[in-house]
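Me: I would like to learn how to read a protein model step by step. Could you take me through one, giving the general idea before each case?

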Amino acid sequence: PPGARSSAKMAAPSGRGGPEPGAAPYGNFPNYSRFHPPEGRVSLLPRGLLRSLFPAATRPLLGLDVGCNSGELSVALYQHLLGLQDSSSGPEPPGAARELQLLCCDIDPELIRRAQQSSPFPASISFASLDIMDSGAREPFLSSFLGRFGRSSFDIGFCMSVTMWIHLNHGDRGLLDLLALLASLCTFLLVEPQPWRCYRAAARRLRRLGRDDFEHFRSLRINGDMAESVTRILTQECAMELVRSFGSTSWDRSLLLFKSTAARPEG
């Protein structure tokens with residue numbers, strides 16, 4: 001799989017009671033949804049959002065979820081966007097795959113295995129192990145998925161509490177590259193940036209476990225109000241405009257929706 005070569009560095013650091021909650025260096029914690037439940041995000045999004053963004057869509061809409069963990073939020077977003085909140089335990093609704101095809105990727109192969117095993121919508125949601133920052137793996141993989149639909153870009157992308165982990169592990173350049181990539185790939189982009197206090201907390205957790213600090217943490221020049229920084233980068237450097245802020249979750253993270261201002265060829 002595209003992300004398999006990264007699997008050796010995936011495991012969350014262990015404390016005396018097993019894996020230390022929240023200490024995984026790539027944000028790939030097991031059981032993430034227990035402490036940041038999907039409902040905390042999707043409840044902020046209006047019903048019918050997808051149809052309001054794409055009122056004339058006649059083909060399947062294509063979505064990309066970067067850093068999907070074990071898939072709980074991906075499934076919740078899919079259900080909410082298609083108005084399927086009550087169908088999680090039943091069979092996949094007929095025709096759902098013709099409305100939205102969602103590709104979800106994560107750097108951790110074990111989390112992806114869990115997502116694949118538990119997904120209630122296998123015909124509509126694809127889970128894949130992929131290091132989104134590895135261009136050699138990313139480009140053929142995404143091109144292959146898009147090519148199945150005769151497309152060169154996604155209609156909507158999701159980057160939910162992922163920016164900090166890219167930033168800490170790849171530095172300012174990595175954050176800029178990620179946002180530029182997503183802006184180039186997606187007509188709409190929903191981003192949930194972690195605030196700066198989460199960076200300090202993540203670094204503290206590693207130190208408490210006696211591990212090396214994040215390589216780039218002390219040299220990051222993009223810092224402070226991260227929602228503002230992400231908005232500035234996307235709007236000033238990546239040809240996107242801020243469409244709407246849906247407010248903040250109970251754990252104080254903003255949900256920001258952007259739209260590409262670049263011309264895109266149809267098909």
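Reply: What follows is a short conversation about the sheet, the helices and one residue of this model. Please keep in mind throughout that this is a predicted model.

Me: Let us begin with the overall picture: how many helices and strands does the chain have?

Reply: The usual way to begin is with an inventory, and here the chain has 10 helices and nine strands. Of its 267 residues, 55% count as buried, where buried means under 20% relative accessible area. One can also ask how far along the sequence the contacts reach: among those between residues at least 6 apart in sequence, 73% join residues at least 24 apart.

Me: In what order do the strands of the open sheet of seven strands lie?

Reply: To read a sheet, go across it from one strand to its neighbour, which gives here the order β5-β4-β3-β6-β7-β9-β8, with mixed pairing. The strands β5 (125-129) and β8 (240-248) stand at the edges, and each has a single partner strand, so one side of each is left without a neighbour in the sheet. As you go from one strand to the next, the twist averages 15°.

Me: In which sense do β4 and β5 pair?

Reply: For a pair of strands, look at the sense of the pairing and at the residues that face one another. Strand β4 (residues 100-106) pairs with β5 in the parallel sense over five bridges, and Asp 106 stands opposite Ser 129 in β5. Across β4 and β5 lies helix α6 (residues 109-118), which runs at about 160° to β5.

Me: Which strands does helix α10 lie across?

Reply: Helix α10 (residues 226-237) lies across β7 (186-192), β8 and β9 (254-260), and runs at about 0° to β9. A single residue can illustrate this region: Ala 227 is found in helix α10 and, leaving aside its neighbours within four places in sequence, is in contact with Pro 193, Ser 254 and Leu 256. The C-alpha atoms of Ala 227 and Val 191 are separated by 9.0 Å, although these residues are 36 residues apart along the chain.

Me: At what angle do the axes of helix α8 and helix α9 cross?

Reply: For two helices, compare the directions of their axes: those of α8 (residues 163-185) and α9 (residues 196-208) come within 11 Å and cross at roughly 60°. The two helices are therefore oblique to each other, and their crossing is right-handed. Residues making the contact include Trp 165 and His 167 of α8, together with Tyr 199 and Arg 205 of α9. By kind, the residues of this contact divide into six nonpolar, two polar and one charged.

Definitions and conventions
Residues are numbered from 1 along each chain as its sequence is written. This is a predicted model: local features need pLDDT of at least 70, side-chain atom pairs count only at pLDDT 80 or more; totals for chains, interfaces and linings use all residues. Side-chain values use heavy atoms; hydrogens and water are left out. Axes are lines fitted to C-alpha atoms, for helices over the stretch in contact, and angles run from 0 to 180 degrees between N-to-C directions. Helices (H or I, at least four residues) and strands (E, at least two) are DSSP runs, numbered from the N terminus. Angles under 35 degrees count as roughly parallel, over 145 as roughly antiparallel, 65 to 115 as roughly perpendicular and the rest as oblique. A crossing is left-handed if the near helix is turned anticlockwise from the far one by less than a right angle, and right-handed if clockwise. Contact means heavy atoms within 4.5 Å. Ala, Val, Leu, Ile, Met, Phe, Trp, Tyr, Cys and Pro count as nonpolar, Asp, Glu, Lys and Arg as charged, and the others, Gly among them, as polar. Two strands pair if DSSP finds at least two bridges between them. Buried means under 20% relative accessible area, exposed over 50%, partly exposed in between (1.4 Å probe, protein chains only).
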